[in-house]
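Trainee: Could you take me through one part of this model slowly, beginning with a single chain and then moving on to what that chain touches?

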Protein chains: 2
Amino acid sequence: MATLRPAPRRTRDAERTRTQVLDAAEALFAERGFAASSMAEIGARAGVSRGTPGYFFRTKELLYRAVMERSFAEALETVRAGRVRALRSGRPRAEVLEGAVSDYVDFVAAHPLFIRLIQREALGADDAFGDLPLGRAVGDEAVAALAQELGFPTGARAEAQHLLLSLVALTWFPQLHADTLVRAIGIDPSAKRFLATRKRHITALLLGALPAPHRSSSRRSRR
Amino acid sequence: MATLRPAPRRTRDAERTRTQVLDAAEALFAERGFAASSMAEIGARAGVSRGTPGYFFRTKELLYRAVMERSFAEALETVRAGRVRALRSGRPRAEVLEGAVSDYVDFVAAHPLFIRLIQREALGADDAFGDLPLGRAVGDEAVAALAQELGFPTGARAEAQHLLLSLVALTWFPQLHADTLVRAIGIDPSAKRFLATRKRHITALLLGALPAPHRSSSRRSRR
DNA sequence: CGTAACTTGCTGGCTGACAAGCAAGTGGAG
DNA sequence: CTCCACTTGCTTGTCAGCCAGCAAGTTACG
């Protein structure tokens, strides 16, 4: 009974509160979906009042868009960083592919909320929104990055597209279904060895699908 | 002004109406999600009144469970039929795998609503429900079927698990992301050639991951 | 065959719960 | 004093579930 204040009342800080609301909204949208999450819940989770999310983001939909944009921006940075690293290494493309698989698996495992948000978005969200242009931007960037990293000739474009599609499928899917299908199969996704085993498995699968390594004239030697 | 009846008023048929409600609910739950679908919408889509879904299924959650159970039951039948067919054929396992991939891709393409329902369920649904035991049953059956079809030795259990996980990932994922990621990559999922190309690609990937074909003593020769 | 008694598919009004958004209010910091 | 961060009261709307009722169809009975 020393204080009447229900909470310790830290100093006011719009930037920090805004971030807290974004974090809370990201978690709730990812866990429950857009329609099943209320602004009041988001406020409570962020440690603020019912009305604060609306104060910062006007409407629930704008808050949702802000969450998605922040997530996509982070993903874009990660893709770009991986691309730069892969290109600088100058390793043979088998190793580059192995590294890309490893990076991607790690990224997915480290960002379960992001993966769930994307998946919900792909399902058409709970309400139908206009598409998010940033999503396509990240997709394009990832496609370009992988194609460049692996030095795909233009002739094998169809192969490259399917390879990328497979890479994404193989990395995302187990994460999304970690608690359902993966366990039903008999795999423990929380086991220490799981991620390593998965990386080896995915790399082995994809290596077999690389087109013949004829380093054609399309190889870029800029700089 | 010949009749006062607003609709042609077909004869009453509880079984048919029940099915219509189930169909409407399946479509809406798959498209919009549980929380974003209302009983009134479901009724309207089924061509009945607001109260009819509740009349047949008591609550919205019970209706949802009925939808899921019907879907899983159909999936289970499909898995069993494919298993029987594969075992009877007596082909080498490479061909069996190719057939399984083809069947699975076709099934997924023919049941987009089912795939979406499963995906939403894996995301934790919009509200948290208890898990559906029928889902695990289908999973178990599919695992057993594939292992048996391909005559996996017990020693390669981990390989078999990851192979199945990859098969499911490679078939489901492009269907789920047909309108988002797949198009972003530059593939047209509605093209005639898409399914065939995808089948070949997936088969090629998975064939490379089959363990050595030592037909060990664990080979079942029952009957 | 005919009609009254009864069952059952199906409807629509009602209610309480809850949520989004708004706007007035509060209180701390410069 | 005055912004600005943040809260709280209120309005409006939606939705699930309940329930009384109606009418299509069925059985009992003359």
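Trainee: What percentage of the contacts in chain A with a separation of 6 or more comes from residues 24 or more positions apart?

Mentor: Please keep in mind that this is a predicted model. In chain A, 73% of the contacts with a separation of 6 or more are made by residues 24 or more positions apart. The chain has ten helices and zero strands, so that, as one follows the elements from the N terminus on, the order reads α-α-α-α-α-α-α-α-α-α. Of the 223 residues in chain A, 37% are buried.

We can now turn to the partner chain, where 45 residues from chain A and 46 residues from chain B take part in the contact. On the side of chain A that touches chain B, two or more residues are given by each of α1 (14–32), α6 (112–122), α7 (133–150), α8 (157–176), α9 (181–185) and α10 (192–207) of chain A, and it is α8(A) that provides the largest share, with 13 residues. Sorted by class, this side of chain A holds 23 nonpolar, 13 polar and nine charged residues.

The helix α1 of chain A appears again at the DNA, since α1 and α3 (52–57) of chain A, together with α2 (39–46) of chain B, each supply at least two residues of the surface near DNA strand D. In total 19 residues surround this strand, and the closest are A:T17, A:S49, A:G51, A:T52 and B:T59. The classes of the surface near DNA strand D are five nonpolar, nine polar and five charged residues.

Methods
Residues numbered from 1 in each chain as written. Chains lettered and ligands numbered in written order. Predicted model: local features only at pLDDT ≥ 70, side-chain atom pairs only at ≥ 80, totals over all residues. Contact = placed C-beta atoms within 7 Å. Helix = DSSP H or I, 4+ residues; strand = E, 2+ residues; numbered from the N terminus. Nonpolar A, V, L, I, M, F, W, Y, C, P; charged D, E, K, R; others polar. Near = placed C-beta within 6 Å. Buried ≥ 20, exposed ≤ 12 C-beta atoms within 10 Å, placed from the backbone.
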